[in-house]
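Biologist: Please take me closely through one helix of this model and what packs against it, and then carry on into the parts that help to place it. I would like one connected account rather than a list.

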Amino acid sequence: MIAVEFRKQIKRLRTYIGLGICAGLPIIITIALKAGGPPRDHGDTEAAFFRLATKSGINMPLAALSVMSLFLLPVVVMLFFGESVSGEAGWGTLRYLLVRPVKRARLLAAKIGVASVLAISGVALVILTGLAAGVLAFGWHPVPTPSLVVFSQGEALSHLLIAAGYVVWSFSGAAALAFALSTMTDVPVGAVGGSMGFVIVSQILDGITAIPKGVRNWMPTHFWRVWDGLFQLHADYGNLIRGTLHQLPYVVGFALLAWWWFKRKDILS
Amino acid sequence: MPAPPIQIERLSKRFSEDVLAVDRLDLTVEEGQIFGLLGPNGAGKTTTLRMLVGLVHPTEGGSKLFGETVRPGVDVLRRVGTLVESPGFVPHLSGMANLELFWRAGGQKMSEADLDGALEVADLGNAIERKVKTYSHGMKQRLGIAQALLGKPDLLILDEPTTGLDPQQMREMRDLVRSIAERGATVLLSSHLLGEVEQVCSHAAVVNRGHVVATGTVAELMGSATTVYLEIDDLARAREVLGKLKGVRAVNEEGQGLSVELEGIDRKDVVAKLVRGGVGVETVMSRHRLEDAFLTMLEDGAP
């Protein structure tokens with residue numbers, strides 16, 4: 001079933017575009033930095049990664065990750081999850097999948113598996129193309145970080161790997177919502193738009209300091225950027241663990257909702 | 001004695017407070033029948049078929065396929081080929097890839113499928129390797145039937161299989177359904193096209209407002225009412241004579257003549273009375289068709 005789903009999804013235009021953006025943007029950023037030089041220091045972490053990107057090629061995937069992880073990567077990930085069931089309904093193929101002796105839970109599991117592989121591939125492409133382009137453009141040097149600590153190449157790469165894994169996982173709550181919405185609608189843009197709306201609202205509310213901290217801390221996007229704590233003198237694993245656990249209730253809740261809804265759903269598409 | 005391919009008991013589906021799509025529907029389809037589910041649009045045919053293959057959950061009652069209670073994904077669906085409403089394919093893949101993926105999604109190997117037989121039915125030639133989004137409606141419909149036949153099903157369920165086809169393609173579809181039945185499969189076919197059911201089916205049920213109004217062999221259903229078309233030389237006198245005749249249910253003007261609904265009286269007796277009444281009869285044409293029976297049954301079955 002997973003092989004069937006994978007073959008269906010991998011040859012889609014939206015997959016090419018999504019993965020193309022993930023692969024292409026780090027290269028474009030590298031070319032821009034090579035041609036125009038690093039940006040001025042405004043004191044924020046995102047800009048700091050850019051400023052330091054020219055010091056070592058290994059900083060380039062970090063710069064790409066920092067600029068893409070708040071909006072562009074979530075859009076790509078929500079696209080993979082939000083379109084997986086609703087896309088089938090839109091084609092009219094969902095009913096033909098379900099007139100086979102296939103349990104609905106098994107179909108959902110296969111779809112989640114394939115969407116997860118595509119989401120991981122997207123983040124992996126950002127890292128790999130960023131690393132390749134960065135090293136080609138700026139060399140293989142020790143890695144200075146925004147906290148002024150210089151990491152060895154091996155140390156930086158291991159932290160980069162953890163950061164990439166964390167970024168993928170940090171999207172899981174919103175991705176689970178996209179998937180749940182995908183089982184509820186036959187219009188893919190509804191599921192993708194709904195989940196992105198959820199992400200944006202969460203980011204906005206998280207940024208309003210007038211809202212009590214206890215509430216803001218529960219926003220699904222609250223811990224999205226804590227991976228940059230890995231690139232300090234003493235890596236901040238505490239926030240990373242909190243952020244990892246933070247996604248669990250969202251993932252479990254929305255995944256159960258998707259399963260419950262789809263099991264009861266009348267297939268009318 | 002083996003269980004019938006289809007057994008539906010008190011099947012109901014209520015979508016909302018106001019929408020009762022299927023209302024305590026009972027139906028049995030025996031092995032080898034080509035069974036027509038006949039009804040106007042919105043009668044509940046498609047909802048019934050969707051419940052029959054586990055796509056829609058019944059509100060009440062249930063159905064069995066070959067004796068096994070229908071639930072989503074139940075194993076007996078291996079024995080069933082289905083075309084529901086319209087064919088659906090992954091548009092960016094070829095016809096062949098779609099057939100393969102459809103089959104493998106059921107956890108079965110391609111070597112178990114009757115691919116050659118399906119390709120023969122699809123009759124798409126080299127176009128089978130083209131992306132489905134380039135296909136015409138007729139090509140998709142044929143591929144849909146081919147897909148339903150991949151597993152050499154014992155039961156074939158077809159929902160409005162000739163929708164959108166041209167007359168030549170409709171004829172081919174009817175021939176195909178007959179040939180499938182000749183191979184031993186049972187066929188359940190829904191349609192709002194009376195001629196289609198009349199020409200293809202051995203048995204039929206007339207469905208209206210979610211329940212069965214009448215069921216039986218097509219010949220039995222056609223026997224429930226008869227209409228005759230008469231061309232005569234004096235319309236007014238003919239109306240007068242026919243108005244006094246017992247067994248004449250209705251007389252309507254139609255073109256140059258009269259359409260006369262009969263019940264319990266033979267055509268020859270009607271013609272004889274007209275002639276004896278001084279009316280010259282030029283043409284007598286039987287309209288002993290399922291259409292008349294269908295409309296009569298719908299009227300009788302209306303609440």
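Modeller: Leu136(A) lies in helix α8 of chain A, which runs over residues 104-138, and in this predicted model Leu136(A) has a relative accessibility of 78%, so it counts as exposed, the cut-off for that class being over 50%. Although 79 residues separate Leu136(A) from Gly57(A) along the chain, their C-alpha atoms are 7.1 Å apart.

The partner of α8(A) to look at is helix α2 of chain A, residues 13-36, whose axis is 9 Å from that of α8(A) and makes an angle of about 25° with it. Because angles under 35 degrees count as roughly parallel, α2(A) and α8(A) are described as roughly parallel to each other, and their crossing is right-handed. On the side of α2(A), the contact is made by Arg14(A), Thr15(A), Leu19(A), Cys22(A), Ala23(A), Pro26(A), Ile27(A), Thr30(A), Leu33(A) and Lys34(A), while α8(A) contributes Leu118(A), Ser121(A), Gly122(A), Leu125(A), Val126(A), Thr129(A), Gly130(A), Ala133(A), Gly134(A), Ala137(A) and Phe138(A). Sorted by class, this contact has 12 nonpolar, seven polar and two charged residues. A helix has 3.6 residues a turn, so residues three or four places apart point the same way, and that is a useful thought to keep in mind when reading the two lists.

Chain B offers a second helix pair to set beside this one. Helix α2 of chain B (residues 95-105) and helix α4 of chain B (residues 137-149) have axes that come within 10 Å and cross at roughly 30°, and therefore α2(B) and α4(B) are also placed in the roughly parallel class. Here too the crossing is right-handed. Gly95(B), Asn98(B), Leu99(B) and Phe102(B) on α2(B) meet Leu143(B), Ala146(B) and Gln147(B) on α4(B), and by class the contact holds four nonpolar, three polar and no charged residues.

Two residues of chain A lead from one chain to the other. Thr93(A) sits in the loop that joins α6 (86-91) to α7 (94-98) of chain A and is buried, because its relative accessibility of 8% is under the 20% cut-off. Beyond its neighbours within four places in sequence, Thr93(A) contacts Glu88(A) in its own chain, together with Gly88(B), Phe89(B) and Val90(B) of chain B. Ser269(A), in the segment after α13 (237-264) of chain A, is likewise buried, at 17% relative accessibility. With neighbours within four places again left aside, Ser269(A) contacts Ala89(A), Leu94(A), Arg95(A) and Asp186(A) as well as Arg50(B).

Arg50(B) takes us to helix α1 of chain B, where Arg50(B) is itself buried, along with Lys45(B), Thr47(B), Thr48(B), Leu49(B), Met51(B) and Leu52(B). Seven of the eight residues of α1(B), which covers residues 45-52, are buried, so this helix is largely enclosed by the rest of the structure. After α1(B) comes Gly54(B), with a positive phi near 80°.

Arg95(A), one of the contacts of Ser269(A), also gives a distance to α11 of chain A: Gly190(A), which is in that helix (residues 188-207), lies 95 residues from Arg95(A) in sequence and 20 Å from it in space, C-alpha to C-alpha. Gly190(A) is partly exposed, with a relative accessible area of 38%.

Two backbone features deserve a careful look. Most residues other than glycine have a negative phi, yet Leu148(A), which is not a glycine, has a positive phi of about 75°; Leu148(A) is in the loop between β1 (143-144) and β2 (150-151) of chain A and is exposed, at 75% relative accessible area. Arg24(B), also not a glycine, has a positive phi of about 45°, but its place is in strand β2 of chain B, residues 20-29, where Arg24(B) is partly exposed at 44%.

As for the wider setting, chain B contains 10 helices and 14 strands, and it is divided into domain 1 (6-222) and domain 2 (225-289), with 41 Å between the centres of these two domains, taken over C-alpha atoms. The C-alpha trace of chain B spans about 75 × 45 × 40 Å along its principal axes, and 52% of its 303 residues are buried.

Definitions and conventions: Residues numbered from 1 in each chain as written. Chains lettered and ligands numbered in written order. Predicted model: local features only at pLDDT ≥ 70, side-chain atom pairs only at ≥ 80, totals over all residues. Heavy atoms only, no water. Helix = DSSP H or I, 4+ residues; strand = E, 2+ residues; numbered from the N terminus. Buried < 20%, exposed > 50% of the residue type's maximum accessible area, 1.4 Å probe, protein only. Contact = heavy atoms within 4.5 Å. Domains from an automatic or database assignment. Axes fitted to C-alpha atoms, helices over the stretch in contact; angles between N-to-C directions. Parallel < 35°, antiparallel > 145°, perpendicular 65-115°, else oblique. Left-handed = near helix turned anticlockwise from the far one by under 90°. Nonpolar A, V, L, I, M, F, W, Y, C, P; charged D, E, K, R; others polar.
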